[in-house]
Amino acid sequence: MSDEEDYMSDKFLQECQKYVAPSLIFRPEDKREMELMKKKAEIEARLKERKPVKVIEEEKREEGLSSAISSDNKGFEMLMKMGYNPGKGLGKTETGISEPIGVDVKNNRHGLGKEKVMKIKKNTNPIANLEKMNADEFRKRIADKKAEQVAAMDLRKSQKICEQLDIRCKIEKAVENWFWFPKEKEGKEFEESESSEEDDDDETLRDSEKLEILTKYLRGKYFYCIWCGVAYDNEDDLRETCPGNTRSDH
């Protein structure tokens with residue numbers, strides 16, 4: 001406190017109230033309160049010196065598990081009488097366990113077997129799994145549908161290019177019926193030359209599978225890539241210049 005402050009100010013009085021000598025306490029209520037505070041401080045000091053019960057239990061458990069069973073132990077004596085050899089497995093053939101079963105400490109108030117039931121309930125949620133499965137299947141169907149639509153568009157383009165290149169090479173008939181884009185004749189669905197067996201073969205193949213086969217034909221025979229839109233000079237030129245044989249490569 002500085003000399004300039006008034007000794008009768010509130011700050012001066014508050015400083016005086018912080019410490020009261022025991023000899024100045026005359027009222028029984030004040031003495032009782034002072035004794036309670038002393039006891040409380042002593043109890044808190046003793047509690048700080050003591051270790052928590054859990055720590056003491058864990059230390060005793062570790063000490064017991066780390067030390068081997070002595071020969072004066074009743075259970076050990078019974079094992080020795082039944083033919084047990086220290087360090088070897090249990091049983092006549094000594095193929096049993098050689099170490100004690102591990103200790104699984106239970107630190108909660110749940111009944112026996114409750115934790116397993118809770119884990120099963122937590123891990124298995126049939127409704128959530130079903131919803132996730134349905135969502136994944138829906139996304140997959142949409143993605144497959146879009147991929148087939150793109151493959152059908154590329155297939156039509158490949159069929160038209162294949163027909164032009166084959167005609168240029170004086171090939172009058174397609175190697176496979178669906179290699180050329182199908183044409184209609186005066187209200188008829190397709191040409192009469194198409195056989196029923198060929199129709200069945202066409203139906204078994206998806207557009208993406210047809211596109212893969214036709215792409216190999218165009219690249220192998222004409223060194224042509226529909227995504228590049230170029231007929232390369234030779235196989236080496238195609239391999240070195242073209243990024244790949246699929247749309248995703250381009």
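A residue counts as buried when its relative accessible area is under 20%, as exposed when that value is over 50%, and as partly exposed in between. By this rule, 15% of the 250 residues of the chain are buried in this predicted model.

**Overall arrangement**

The chain contains nine helices and two strands. Read from the N terminus on, the elements follow the order α-α-α-α-α-α-α-α-β-β-α.

**Salt bridges**

Side chains of opposite charge can pair when their charged atoms come close. In this structure there are five salt bridges, and the table sets out three of the pairs.

| Salt bridge | N to O distance |
|---|---|
| Asp-144 and Lys-140 | 3.1 Å |
| Glu-148 and Arg-206 | 3.9 Å |
| Glu-235 and Arg-239 | 3.9 Å |

Asp-144 and Lys-140 both belong to helix α6, which covers residues 126-168, and they stand four residues apart, about one turn of the helix. Asp-144 is partly exposed, because its relative accessible area is 38%, whereas Lys-140, at 53% relative accessibility, counts as exposed.

The salt bridge between Glu-148 and Arg-206, with its closest N and O atoms 3.9 Å apart, spans a longer stretch of the chain. Glu-148 lies in helix α6 while Arg-206 lies in the loop between α7 (196-204) and α8, so this pair ties together parts that are 58 residues apart in sequence. Glu-148 has a relative accessible area of 23% and is therefore partly exposed.

Glu-235 and Arg-239 sit four residues apart in helix α9 (residues 235-241), so they are separated by about one helical turn. Glu-235 counts as exposed at 51% relative accessibility, and Arg-239 counts as exposed at 52%. Salt bridges that share partners also bring in Asp-236, joining Glu-235, Asp-236 and Arg-239 into one network.

**Cavity and pocket**

Rolling a probe the size of a water molecule over the atoms shows where empty space is left. A search of the whole structure finds one cavity of 30 Å³ or more, and the largest cavity holds about 30 Å³ of space. Its lining is formed by Thr-215, Leu-218, Arg-219, Tyr-224, Cys-225, Ile-226 and Trp-227. Two elements, α8 (207-221) and β1 (224-225), give two or more residues to this lining, and α8 provides the largest share with three residues. By class, the lining of the largest cavity has five nonpolar residues, one polar residue and one charged residue.

The second largest pocket contains about 510 Å³ of space. It is lined by 20 residues, of which Ile-69, Tyr-84, Ser-98, Glu-99 and Pro-100 are the closest to its centre. Helices α3 and α4 each supply at least two residues of this lining, and α4 gives the most, with three residues. The lining of the second largest pocket divides into 12 nonpolar, six polar and two charged residues.

**Surface patch and a spatial pair**

A nonpolar patch on the surface is formed by Met-78, Leu-79, Met-82, Leu-90, Ile-97 and Ile-101, which together have about 630 Å² of accessible area. Ile-101 is located in the loop between α4 (74-81) and α5 (114-123), and it counts as exposed because its relative accessibility is 72%.

Arg-61, by comparison, lies in helix α3, made up of residues 53-66, and is partly exposed with a relative accessible area of 28%. Although Arg-61 and Val-105 are 44 residues apart in sequence, their C-alpha atoms are 10.0 Å apart in space.

Key. Residues are numbered from 1 along each chain as its sequence is written. This is a predicted model: local features need pLDDT of at least 70, side-chain atom pairs count only at pLDDT 80 or more; totals for chains, interfaces and linings use all residues. Side-chain values use heavy atoms; hydrogens and water are left out. On a 1 Å grid over the protein atoms alone, a cavity is a set of points where a 1.4 Å probe fits but cannot get out, and a pocket is an open set with protein on both sides within 12 Å along at least five of seven lines; lining residues have an atom within 4 Å of a point. Grid points are joined across faces, edges and corners, and a volume is the space filled by probe spheres set on the points. Ala, Val, Leu, Ile, Met, Phe, Trp, Tyr, Cys and Pro count as nonpolar, Asp, Glu, Lys and Arg as charged, and the others, Gly among them, as polar. Patches are made of residues with over 30% relative accessible area and no salt bridge: like charges are joined within 9 Å, nonpolar side chains (Val, Leu, Ile, Met, Phe, Trp, Tyr) within 5 Å. Accessible areas come from the Shrake-Rupley method with a 1.4 Å probe; for residues, only the protein chains shown count as cover. A salt bridge is a side-chain nitrogen of Lys or Arg within 4 Å of a carboxyl oxygen of Asp or Glu. Buried means under 20% relative accessible area, exposed over 50%, partly exposed in between (1.4 Å probe, protein chains only).
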